[in-house]
Amino acid sequence: MLGEKEWLACCGSVKFAQEMVSAGPFSNYQEALDAAKDIWFNKVDVNGWLEAFAAHPQIGESPSQTHKSPTSAQWSKGEQSTALATATDSTLEELFEWNARYRQKFGFVFLIFASGRSSPEILAEMKRRYHNRPIVEFVLAAEEQMKITELRLSKLFSANATSGSTIKTHHTTDVVTKAGDRVSIIGGHLIAANETPTSKPSATFTRTRPPITTHILDVARGFPAAGIEVRLETWDNGQSRPLFGQADSGPWNLLGSSTTDKDGRSGQLMNMVDALNPGVYRISFNTGKYNPEGFFPFVSIVFEVRESQKFEHFHVPLLLSPFSLSTYRGS
């Protein structure tokens with residue numbers, strides 16, 4: 001049976017390692033991967049994400065000799081081998097400068113699935129992602145961490161292929177579809193892994209959460225807004241669209257409702273599907289019940305998903321204060 005030390009080598013979060021020990025043993029790689037995705041996206045909190053990020057050396061640098069996981073340090077070195085082999089003195093110097101700029105802006109090391117990637121390619125990606133909002137970049141880093149974890153799990157199971165493992169399957173049932181039920185990261189998970197719009201939906205869901213999600217941050221109090229009722233509806237008239245001034249009436253069909261948890265997350269508002277039905281959607285927040293003295297008795301946001309966007313993820317976060325609010329789409 002694999003222990004906490006082995007799981008920690010795959011992902012530098014102690015919480016992740018402990019949860020993997022509790023969920024195991026696993027009979028095969030796929031079973032472990034399903035559990036790892038569920039744990040990483042649904043059970044590891046913001047501190048665990050940052051702890052995992054910190055376990056990685058900067059791109060272009062060797063892992064520390066005092067790394068808490070020698071196996072992880074060895075894997076990191078191998079994963080960066082292509083980048084190091086293609087780096088020149090000027091490239092390394094530029095990487096060092098951009099690593100510093102990135103860390104100063106976002107507060108954590110630039111994380112990317114580096115295996116097989118050249119130094120110029122990684123540098124270009126760092127420059128591109130540097131312009132992201134911090135909250136969006138945080139999620140991208142978490143998704144890159146999951147890619148790295150997936151690779152390391154395959155290495156771990158390859159190395160332990162001959163060690164007997166007891167089959168335990170009860171926790172893997174529909175584990176991917178459960179991944180959208182709870183996301184315990186404040187300000188995180190604004191975007192899903194990049195789905196290719198031209199790809200066709202498969203029988204097995206590739207998403208790790210429903211295609212429409214939301215969370216609410218109470219900026220006046222400085223923490224997530226818990227206990228707010230949320231409703232998700234779709235316009236149920238294919239012959240017309242809701243018009244300005246008429247959006248509050250008409251054939252709106254309720255897809256789901258929930259109440260935000262302590263992390264400001266509404267939970268699952270719709271079924272897990274790969275392809276989202278194109279159309280007009282409305283998400284509503286009962287802000288008046290949350291703050292009876294506030295300016296907004298409720299808030300409704302109407303948006304349209306087009307045919308070309310049905311494989312994308314739509315996250316509608318709400319930043320709430322007593323007399324103002326703002327929202328934007330995280331994709």
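This report walks through a four-stranded sheet, a pocket beside some of its strands, and a few single residues of a predicted model.

Residues are numbered from 1 along each chain as its sequence is written, and side-chain values use heavy atoms, with hydrogens and water left out. Because the model is predicted, local features need pLDDT of at least 70 and side-chain atom pairs count only at pLDDT 80 or more, while totals for chains, interfaces and linings use all residues.

**The sheet**

Let us begin with the strands. Helices (H or I, at least four residues) and strands (E, at least two) are DSSP runs, numbered from the N terminus. Two strands pair if DSSP finds at least two bridges between them.

What is the order of the four strands in the open sheet? The order is β5-β4-β6-β7, and the pairing is antiparallel. The edges are held by β5 (252–259) and β7 (299–305); each has a single partner strand, so one side of each is left without a neighbour in the sheet. On average, neighbouring strands of this sheet are turned by 20° against each other, direction ignored. Here the axes are lines fitted to C-alpha atoms, for helices over the stretch in contact, and angles run from 0 to 180 degrees between N-to-C directions.

Pair by pair, β4 and β5 are antiparallel over seven bridges, β4 and β6 are antiparallel over five bridges, and seven bridges join β6 (residues 279–285) to β7, again antiparallel. The table gives some residues that stand opposite each other.

| Residue | Opposite residue | Strand of the opposite residue |
|---|---|---|
| Glu229 | Thr259 | β5 |
| Glu233 | Arg282 | β6 |
| Val230 | Phe285 | β6 |
| Gly279 | Val305 | β7 |
| Val280 | Glu304 | β7 |
| Phe285 | Val299 | β7 |

Phe285 turns up twice: its bridge partner in β7 is Val299, and Phe285 is also the partner in β6 of Val230.

**Burial in the strands**

Burial is judged by relative accessible area: buried means under 20%, exposed over 50%, and partly exposed in between (1.4 Å probe, protein chains only). How many of the seven residues of β6 are buried? Seven of the seven are, so β6 is largely enclosed by the rest of the structure. In β4, five of the seven residues are buried, so this strand too is largely enclosed by the rest of the structure.

In a regular strand the side chains alternate between the two faces of the sheet. The edge strand β7 has a covered face made of Val299, Ile301, Phe303 and Val305, and an uncovered one with Ser300, Val302 and Glu304.

**The second largest pocket**

Rolling a probe the size of a water molecule over the atoms shows where empty space is left. On a 1 Å grid over the protein atoms alone, a pocket is an open set of points where a 1.4 Å probe fits, with protein on both sides within 12 Å along at least five of seven lines; lining residues have an atom within 4 Å of a point. Grid points are joined across faces, edges and corners, and a volume is the space filled by probe spheres set on the points.

The second largest pocket holds about 310 Å³ of space. Its lining has 18 residues, of which Thr234, Asn277, Pro278, Gly279 and Tyr281 lie nearest the centre. The elements that give two or more residues to this lining are β4 (229–235) and β6, with the largest share, three residues, coming from β6. By type, the lining divides into nine nonpolar, seven polar and two charged residues. In this count Ala, Val, Leu, Ile, Met, Phe, Trp, Tyr, Cys and Pro are nonpolar, Asp, Glu, Lys and Arg are charged, and the others, Gly among them, are polar.

**Single residues**

Lys310 is found in the loop between β7 and β8 (314–315). Because its relative accessibility is 22%, Lys310 counts as partly exposed. Its side chain makes a polar contact with the side chain of Glu307 at 2.8 Å. Such a contact is a pair of N or O atoms within 3.5 Å; within protein, one must be able to donate a hydrogen and the other to accept it, and residues adjacent in sequence count only if both atoms are side-chain atoms.
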